[in-house]
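Colleague: Hi! Could you walk me through this model at a first-year pace?
Modeller: Happy to, let's take a look together.

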Amino acid sequence: MRRPFIAGNWKMHKTIREAVDFAQQLITVCGQSAERMVIVAPPFTALSAVAEALRGSSIHLSAQNLHDEPAGAYTGEVSAKMLVDAGCEYAIVGHSERRALFGEKNDFIHRKLKSAISLGLLPIFCIGETLEERDKEQTFTVVEQQLKEGLNNLTTDDIRHVVIAYEPVWAIGTGRTATPEQAQGVHAYIREVIGKTYADHVSGIIAIIYGGSVNPGNIGGLMAQPDIDGVLVGGASLDIESFIKIIQF
Ligand code: PGA
């Protein structure tokens, strides 16, 4: 089994002080865990301070977004180089909130993936269908298109660095999780697409994680599935006790 990958996406929550306090509490409980890969994604403003707090622990830092250009006149944006400079090892790319609220399309997401990888930043690449698409039985088509256009012929060497997050849009922040079987079905399909596009040995090592209303009560069932390698947690990662329960599922 691939090492469980548990990431907390804090979205637009927590001041610098709150983020650092959280990181320190997390370190006391699971700061040296070799069995679980634990990642937190604070807002941009708290990245450097949390990086400092996590130094020497086994907990990793992720950004929630990046811009694809290395520098330039892009008011309000942050580049991969800046994120590495702030201490990030990972960056979430193509989250459904970025796609839906900020109009991000697959080609822009692809450029972000390339930019992140070129600077050694590991992308957590999000894909997933809306409720309407699921109801029309378009889940596999949508996910495959997002995968193909997002990855868009990244090399085998590049793809090894990508974590894929399957996040059905209808399950995000709604309290309505995909059942473990529904999630497993899509994860297995994603692995099959990666296997066909690259090679079976690549699809075998790549981490595919699930996101959408993950909580301490449903983590066990999700992680029992053979193709679910971890989770991307929003709401339930904001509270230290519930996040720790998820990490220690
Ligand atoms: P949620 O968010 O756990 O609050 O549903 C998940 C995500 O958006 O990554």
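We will go from the ligand to the whole chain and then to one glycine.

Modeller: This is a predicted model, where local features need pLDDT of at least 70, side-chain atom pairs count only at pLDDT 80 or more, and totals for chains, interfaces and linings use all residues. Residues are numbered from 1 along each chain as its sequence is written, and side-chain values use heavy atoms, with hydrogens and water left out.

Colleague: How many residues surround the ligand, and which are the closest?
Modeller: There are 13 around the ligand, and the closest are K11, H95, E167, G173 and S213. A residue gets counted if one of its heavy atoms lies within 4 Å of the molecule.

Colleague: What classes of residue are in that shell?
Modeller: The shell has 4 nonpolar, 7 polar and 2 charged residues. Here Ala, Val, Leu, Ile, Met, Phe, Trp, Tyr, Cys and Pro count as nonpolar, Asp, Glu, Lys and Arg as charged, and the others, Gly among them, as polar.

Colleague: What lies 2.7 Å from an oxygen atom of the ligand?
Modeller: One answer is a polar side-chain atom of K11. E167 has a side-chain N or O atom 2.7 Å from a ligand oxygen, while S213 uses a backbone N or O atom, also at 2.7 Å from an oxygen of the ligand.

Colleague: And how much of the ligand does the protein cover?
Modeller: The protein covers 95% of the 290 Å² of accessible area that the ligand has on its own. Such areas come from the Shrake-Rupley method with a 1.4 Å probe; for residues, only the protein chains shown count as cover.

Colleague: Switching topic: how many helices and strands does the chain have?
Modeller: It has 12 helices and 8 strands. These are DSSP runs numbered from the N terminus: helices are H or I with at least four residues, strands are E with at least two.

Colleague: How far does the C-alpha trace span?
Modeller: About 45 × 45 × 35 Å along its principal axes.

Colleague: Last one: where does G204 lie, and is it buried or exposed?
Modeller: G204 sits in helix α10, residues 200–205. G204 is partly exposed, because its relative accessible area is 34%, and that label falls between buried (under 20%) and exposed (over 50%), with a 1.4 Å probe and protein chains only.

Colleague: Which residues does G204 touch?
Modeller: Leaving out residues up to four places away in sequence, G204 touches R2 and R191, where contact means heavy atoms within 4.5 Å. G204 and R2 are 202 residues apart in sequence, yet their C-alpha atoms are 9.0 Å apart in space.

How values were computed:
A polar contact is a pair of N or O atoms within 3.5 Å; within protein, one must be able to donate a hydrogen and the other to accept it, and residues adjacent in sequence count only if both atoms are side-chain atoms.
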